[in-house]
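Biologist: Please show me the model. I would like to go through its fold, its surface and a few residues.

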Amino acid sequence: MFRMPSEKQFLLSGLNYNDLFGARQNTNHSPHIRAQMNLDTNLVICMIGFTLTALFLEAKRSHNLVTLRANMIDSD
């Protein structure tokens with residue numbers, strides 16, 4: 001369970017957390033969880049890229065429509 005450093009200090013008082021529970025090592029996930037995390041990361045990157053591309057394409061399309069609308073209004 002996650003605790004703030006001040007909570008650990010209050011709950012453990014004079015005891016050393018690392019002596020009691022050991023120093024934390026890097027988290028080693030099983031291969032199927034790592035594969036799912038990699039897939040999720042790739043999907044998020046893909047969605048961000050698609051969103052940015054759509055944003056720029058929409059701005060260009062909107063500019064063209066505004067120009068056409070202005071030309072239609074200004075025409076005689």
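Modeller: Here are short questions and answers on this model. It is a predicted model, where local features need pLDDT of at least 70, side-chain atom pairs count only at pLDDT 80 or more, and totals for chains, interfaces and linings use all residues. Residues are numbered from 1 along each chain as its sequence is written, and side-chain values use heavy atoms, with hydrogens and water left out.

Biologist: Which pattern does the protein follow along the sequence?

Modeller: Helices (H or I, at least four residues) and strands (E, at least two) are DSSP runs, numbered from the N terminus. The protein has three helices and zero strands. Read along the sequence, the pattern is α-α-α.

Biologist: What is the radius of gyration of the protein?

Modeller: The C-alpha trace spans about 85 × 35 × 15 Å along its principal axes. The radius is taken over C-alpha atoms, and the globule rule is 2.2 Å times the number of residues to the power 0.38. A compact globule of 76 residues would come near 11 Å, but the protein has 28 Å.

Biologist: What percentage of the residues is buried?

Modeller: Buried means under 20% relative accessible area, exposed over 50%, and partly exposed in between (1.4 Å probe, protein chains only). Of the 76 residues, the buried ones make up 1%.

Biologist: Is Phe56 buried or exposed?

Modeller: Phe56 lies in helix H3, residues 31-74. Its relative accessibility is 60%, so Phe56 counts as exposed.

Biologist: Which residues form the nonpolar patch with Phe56?

Modeller: Patch residues have over 30% relative accessible area and no salt bridge; like charges are joined within 9 Å, nonpolar side chains (Val, Leu, Ile, Met, Phe, Trp, Tyr) within 5 Å. A salt bridge is a side-chain nitrogen of Lys or Arg within 4 Å of a carboxyl oxygen of Asp or Glu. Accessible areas come from the Shrake-Rupley method with a 1.4 Å probe; for residues, only the protein chains shown count as cover. The patch has about 620 Å² of accessible area together, and Phe56 shares it with Val44, Met47, Ile48, Leu52 and Leu55.

Biologist: How far apart in space are Phe50 and Met72?

Modeller: Phe50 is in helix H3. Phe50 is exposed because its relative accessible area is 61%. Phe50 and Met72 are 22 residues apart in sequence, and C-alpha to C-alpha they are 33 Å apart.

Biologist: What separates the C-alpha atoms of Arg24 and Asp40?

Modeller: Arg24 sits in the loop between helix H2 (17-21) and H3. At 73% relative accessibility, Arg24 counts as exposed. Arg24 and Asp40 are 16 residues apart along the chain, and their C-alpha atoms are separated by 25 Å.
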